[in-house]
Amino acid sequence: MDRFGAIQAFVRVVETGSFTKAAETLRISKTSVTQQVQQLEARLRVRLLNRTTRKVNVTADGAAYYERALRLLADLDDAETSLSAAAAVPRGRLRVDVPSPLARMILIPALPAFYAKYPDIQLDMGVNDRRVDLIGENVDCVVRGGEITDQSLIARHVGDLRLGVYAAPGYLERAGVPTHPSELENSHHRVVGFLWARTGKPTPYVMQRQNEQVQVHGRYALAVDDGNACLAAGLAGLGIIWLPEYMVRTHLANGELLPLLEDWRLDEMPLYLAFPPNRHVSAKLRVFIDWVIELMAQHAPVLDRRPVADR
């Protein structure tokens with residue numbers, strides 16, 4: 001029995017949900033895939049998959065084995081690509097998780113150039129803002145806005161997102177244009193709340209003007225946990241929104257959103273790329289990190305906060 005081949009076949013069946021599709025991606029016959037999985041189950045003495053005429057479902061034992069098999073295949077791939085000859089051409093599967101607005105507006109549009117340079121890298125991109133167990137879910141790295149609270153991770157500061165306050169013209173016609181952040185606490189104003197993954201609750205925004213500082217909670221009829229949804233709510237006139245500048249540039253240019261309280265400042269939101277300390281930084285992960293840093297330098301560069309005298 002080819003143990004490596006059998007493990008690879010099982011993993012592909014789980015991912016595709018089909019023996020036929022697994023065989024197509026592996027470029028072997030369906031019979032070979034079926035036999036390899038059966039041999040693997042016989043060796044382990046457990047059922048990994050439940051088969052019906054319509055679909056294939058992974059069992060509880062199969063799900064646990066799948067996660068370990070993924071790590072095994074990833075470690076093997078890292079071992080191979082760490083060799084100098086292989087490292088010259090990064091290849092293999094890379095699992096990343098990024099916020100949906102960043103994926104939609106910056107990362108994915110730039111991927112054609114990335115693949116032109118690294119055609120042998122396969123990206124599995126989770127697109128959300130949820131908390132991710134990098135070890136348990138076998139994720140190579142995440143990109144997140146805000147400070148990284150998990151001190152066990154290695155975090156690279158890759159960008160700073162400038163934040164602004166915006167609203168749709170229709171909303172401002174109904175509720176009026178605020179001239180001070182404190183007005184957003186009034187009953188006739190509404191904000192769109194943003195539910196942060198770390199707390200599951202909206203977080204107040206701190207706005208500053210010279211020596212004056214105001215913490216704004218605001219009243220909301222809608223709170224969301226995704227940046228794209230927050231933008232959509234603002235465009236629909238559901239309330240005042242706080243978002244990174246890169247997300248609203250087009251909508252400001254065409255008049256769908258208007259900037260508010262421009263004489264007030266919000267602290268920039270740091271953007272971090274994080275990965276587990278025990279995860280080998282393979283060639284494919286290294287070039288992905290470098291690519292993200294290069295992209296963010298164009299769209300939201302890291303700000304130099306040192307005093308002018310120290311620069």
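## Contacts, cores and surface of a predicted protein chain

Among contacts in the protein chain between residues at least 6 apart in sequence, 74% join residues at least 24 apart. The model described here is predicted. In it, the protein chain has ten helices and 15 strands. Of the chain's 311 residues, 44% count as buried.

Some values for the chain as a whole follow.

| Property of the protein chain | Value |
|---|---|
| Span of the C-alpha trace along its principal axes | about 75 × 50 × 35 Å |
| Exposed area | about 16500 Å² |
| Distance between the mean positions of positive and negative charges | 7 Å |

Carbon and sulfur atoms supply 51% of the exposed area. The charges behind the last row number 37 positive and 36 negative.

The interior can be described through its nonpolar cores. The largest nonpolar core holds 63 residues, and the members that touch the most other members are Ile240, Trp242, Leu273, Phe288, Trp291 and Met296. Helix 10, which covers residues 283-299, gives the most to this core, with eight residues. Apart from this core lies another one, of 20 residues, with Val13, Leu48, Tyr66 and Leu70 among them.

Which residues does Leu273 touch, not counting residues up to four places away in sequence? Leu273 touches Cys141, Val142 and Val143, and also Ile154, Ala155, Arg156 and Val158. Further along the chain, Leu273 touches Phe288, Ile289 and Val292. Of these, Phe288 is itself named with Leu273 among the core members that touch the most others.

Technical notes
Residues numbered from 1 in each chain as written. Predicted model: local features only at pLDDT ≥ 70, side-chain atom pairs only at ≥ 80, totals over all residues. Heavy atoms only, no water. Helix = DSSP H or I, 4+ residues; strand = E, 2+ residues; numbered from the N terminus. Buried < 20%, exposed > 50% of the residue type's maximum accessible area, 1.4 Å probe, protein only. Contact = heavy atoms within 4.5 Å. Areas by Shrake-Rupley, 256 points an atom, 1.4 Å probe, with all protein chains shown as cover. Lys, Arg positive; Asp, Glu negative; His and termini not counted. Charge placed at Lys NZ, Arg CZ, Asp CG, Glu CD. Core = buried A, V, L, I, M, F, W, Y, C linked by side-chain atoms within 4.5 Å.
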